Amino acid sequence: MSIMHNSQITAPERAYRWLRQQIGELPYNQEAFLSENAIAEAAGVSRTPVREALLRLEAEGLLRRVPHKGAYIPALTGTDLKEILEVRQVIGEWATRQVAKHRVDLVPQLEAILDEQGQTTDPVAFIELDIAFHRTIVEGAGNATLAQVYDAQRFKQERLGIQAVLATTDRFKAVLVEHRAIVAGIKAGNPDQAAQAALSHLESTRNAVSTQRSTR
């Protein structure tokens, strides 16, 4: 059922989800302005829930609210990209090692995410599952502070990730192969194998982002 016609979803949540999708699909190196009226009409809500959604998204760092007018969605800068990838490298590698050492029990959960990820060709849904995969590893490592730092980049990662999978025709398949290599290292209880797979995956993502940037 479409979220726009699901009566169980509140109006602010409907506006929030609509905006999240628009931001996710916007090329990361492009900016945009959305008026409150346009958002309300597209999401099928009034302007009041739109304002609530804008406040929520502003707190998440995805846009800058222009009172009584709408929202400015900035482009991600080269610095943004560098920081996102560095956070993923430092925390992701450490977390993957910890999980391979102590949380092999997470393998069924990770495999279930991969099974679901392999069933979708929608870029937004695919990257949401991608983020869920990596968050499961980071949270499983057991350091709540590092998990919060990692999660603070989640929505920027989503916007970047969507464009990365659109960069080449085989990126969907490549991501799944790379994720399975990470799981194989964890399942084997081999921190070095798992960490190397995680770093190789990140390097592949970095290359996909570079390809996307060079074509724009």
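**Exercise 1. Decide whether Phe 126 is buried or exposed, and then describe the ring pair to which it belongs.**

Phe 126 has a relative accessibility of 1% and therefore counts as buried, where buried means under 20% relative accessible area, exposed over 50% and partly exposed in between, with a 1.4 Å probe and protein chains only. The structure is a predicted model, in which local features need pLDDT of at least 70 and side-chain atom pairs count only at pLDDT 80 or more, while totals for chains, interfaces and linings use all residues. Residues are numbered from 1 along each chain as its sequence is written, and side-chain values use heavy atoms, leaving out hydrogens and water.

The next step is the partner: Phe 126 and Phe 172 form an edge-to-face aromatic pair, 4.6 Å centre to centre with 65° between the planes. Rings of Phe, Tyr and Trp (its six-membered ring) pair if their centres lie within 6.5 Å, and planes under 30 degrees apart count as stacked, over 60 as edge-to-face and the rest as tilted. Phe 172 is buried as well, with a relative accessible area of 19%.

Finally, Phe 126 lies in helix H6 and Phe 172 in helix H9, so the pair ties together parts that are 46 residues apart in sequence. Helices here are DSSP runs (H or I, at least four residues), numbered from the N terminus.

**Exercise 2. Find which residues have the most contacts inside the largest nonpolar core, and which helix gives the largest share of this core.**

A nonpolar core is a set of buried Ala, Val, Leu, Ile, Met, Phe, Trp, Tyr and Cys residues joined through side-chain atoms within 4.5 Å. The largest one has 23 residues, and those with the most contacts inside it are Leu 110, Phe 133, Ile 137, Ile 182 and Ile 186. Among the elements that give two or more residues to this core are helix H4 (78–102), helix H6 (123–140) and helix H9 (171–187). The largest share, five residues, comes from H4.

To look at one member, take Ile 182: leaving aside neighbours within four places in sequence, its contacts (heavy atoms within 4.5 Å) include Thr 96, Phe 133, Ile 137 and His 201. Apart from this core lies another, of 19 residues, among them Ala 15, Tyr 16, Leu 57 and Ala 71.

**Exercise 3. State what sits over the ring of Tyr 16.**

The charged end of Arg 56 sits over this ring, 3.5 Å from its centre; the rule asks for NZ of Lys or CZ of Arg within 6 Å of the ring centre and within 35 degrees of the ring normal.
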